Structures are given as structure tokens and as C-alpha cells.
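Please load the model in your viewer and keep the sequence panel open beside it. The tour below proceeds by selection, one stop at a time.

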Amino acid sequence: MNEFSILCRVLGTFYSGLRLEALVVPLFTLIRDGKLALSWPLEQDELLERLQKSCDMQQISTDYNALFVGEECRVSPYRSAWQEGATEAEVRAFLSERGMPLTDMPADHIGTLLLAASWIEDKAGDDENEAIETLFETYLLPWVGTFLGKVEAHATSPFWRTLAPLTRDAIAAMWDELEEESVE
């Protein structure tokens with residue numbers, strides 16, 4: 001697992017929600033103890049320090065539910081809510097063609113898309129760099145900036161107000177890396 005995969009996996013796990021409790025709790029422990037910052041591959045120390053100070057699980061969970069869960073959520077976590085004509089089925093087909101095992105969670109959920117990028121990167125052969133570029137260019141980048149801006153604006157907890165810009169910067173850095181690799 002390389003740095004690209006780690007970033008996508010960590011961020012995807014947070015946005016996938018607390019139903020992945022077996023994965024989320026150890027991540028919060030790493031953040032609270034300041035250990036995530038030690039292995040974080042990007043220069044985001046200030047944001048990571050802010051996350052470290054905002055690990056109130058009850059507050060994070062309550063805000064997550066208000067932000068992303070249900071029909072009355074403040075910020076839809078689904079691509080299809082942000083992009084005209086976008087469907088969950090097209091994302092599901094794209095990921096299935098690459099052999100990614102999918103659950104009943106919608107494939108166009110921000111968490112699923114970030115975890116898919118990690119999965120594709122981990123399974124990457126020479127032809128999979130194009131798949132990751134397509135995932136970013138077609139299924140993530142057209143809407144994620146607006147989505148993260150809304151998360152930052154509507155979050156009531158410091159954790160989610162901090163995770164949104166951290167995610168935005170990480171996605172931009174990963175996209176820059178993908179573009180550099182495609183030029184080479």
C-alpha cells in the first residue's frame with residue numbers, strides 16, 4: 001500500500017461513516033494520540049493538529065448524521081446529487097468492470113469513491129493508472145470541491161470543518177501526482 005492508497009483509504013473510511021466502526025475507532029486513536037500526523041504523507045500539520053484537538057466521538061457522530069444521513073441531510077454525500085445526469089449505476093458499472101467488490105452502499109458515495117481509488121491503486125497494474133485517472137477526472141473532481149465547501153460550511157463540529165479542507169487539499173495533491181505520472 002503506497003501513500004496514495006493510504007490517503008484514499010483513511011479519507012474514504014471517515015466519509016463512509018461510523019458503520020465502519022472497526023476501522024474508524026483505530027483512526028481516531030491515531031489522530032488523538034498525534035500518530036496519524038507522523039505518517040501522513042502531505043504537509044498538512046496545522047489541519048492534523050486541529051483534528052487532534054477535535055476528537056469528540058459523540059459530537060463527530062452527531063454531526064456526521066446531520067451532514068450526510070437521510071433525506072434531510074445537510075450535504076448529500078452522493079455524486080448523483082451534485083452532477084446533472086449522473087447516476088449511481090454508471091459508477092457501479094465502472095467499478096465492477098475493474099473487479100471491485102461492491103456492497104449495497106451506493107457506489108457514488110464520497111466514501112465509496114475514495115475507498116475505490118485506494119482499492120484500484122492497491123491492485124494497480126500498468127493499465128490501472130488510467131482507471132484511477134478516470135475515477136478522479138470523471139467521478140470525483142467535477143463535484144467534490146463544491147461538496148467539501150458545503151461540508152465545511154454546514155458542519156457544526158470542528159472535526160468535520162477541518163476534515164473538509166484537509167480532504168480538498170489531499171485530493172488536489174493526489175490529482176497533481178496523477179497528472180505528473182501521466183506526463184512521464
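**Stop 1: Arg74 and its surroundings**

Select Arg74 and display its contacts: beyond the neighbours within four places in sequence, Arg74 touches Asp63, Ala66, Leu67, His154 and Thr156. Please bear in mind throughout that this is a predicted model. Arg74 lies in the loop that joins helix 5 (57-68) to helix 6 (79-82). Is Arg74 buried or exposed? Its relative accessible area is 37%, and Arg74 is therefore classed as partly exposed, given that buried means under 20% and exposed over 50%. For a distance check, pick the C-alpha atoms of Arg74 and Gln44: these residues are 30 apart along the chain, and the atoms are separated by 27 Å.

**Stop 2: Lys150**

Next, pick the C-alpha atoms of Arg74 and Lys150, which are separated by 8.4 Å although 76 residues apart along the chain. Lys150 belongs to helix 9 (residues 128-154). With a relative accessibility of 37%, Lys150 counts as partly exposed. Leaving aside neighbours within four places in sequence, the contacts of Lys150 are Val75 and Trp82.

**Stop 3: Helix 1 against helix 10**

Now select helix 1 (residues 3-16) together with helix 10 (residues 158-183); their axes come within 11 Å and cross at roughly 150°. An angle over 145 degrees counts as roughly antiparallel, and the two helices are therefore roughly antiparallel to each other. The crossing of helix 1 and helix 10 is left-handed. To see the contact itself, show the side chains of Phe4, Leu7, Cys8, Leu11, Phe14 and Tyr15 in helix 1, which meet a set of helix 10 residues including Phe159, Trp160, Leu163, Thr167, Met174 and Glu177. The residues of this contact comprise 14 nonpolar, one polar and one charged.

**Stop 4: Helix 7**

Move to helix 7 (residues 88-97) and colour its buried residues, Val91, Phe94 and Leu95. Viewed down the axis of helix 7, these buried residues fall within an arc of 95°, so they line one face of the helix. An α-helix has 3.6 residues a turn, so residues three or four places apart point the same way. Rotate to the face of helix 7 turned away from the buried side, where the exposed residues Ala89 and Glu97 are found. Just after helix 7, select Gly99, which adopts a positive phi of about 85°.

**Stop 5: Helix 4**

Finally, select helix 4 (residues 45-52), whose buried residues are Leu47, Leu48 and Leu51. They span an arc of only 100° around the axis, which places them on the same side of helix 4.

Notes:
Residues numbered from 1 in each chain as written. Predicted model: local features only at pLDDT ≥ 70, side-chain atom pairs only at ≥ 80, totals over all residues. Heavy atoms only, no water. Axes fitted to C-alpha atoms, helices over the stretch in contact; angles between N-to-C directions. Helix = DSSP H or I, 4+ residues; strand = E, 2+ residues; numbered from the N terminus. Parallel < 35°, antiparallel > 145°, perpendicular 65-115°, else oblique. Left-handed = near helix turned anticlockwise from the far one by under 90°. Contact = heavy atoms within 4.5 Å. Nonpolar A, V, L, I, M, F, W, Y, C, P; charged D, E, K, R; others polar. Buried < 20%, exposed > 50% of the residue type's maximum accessible area, 1.4 Å probe, protein only. Arc of directions from axis to C-beta.
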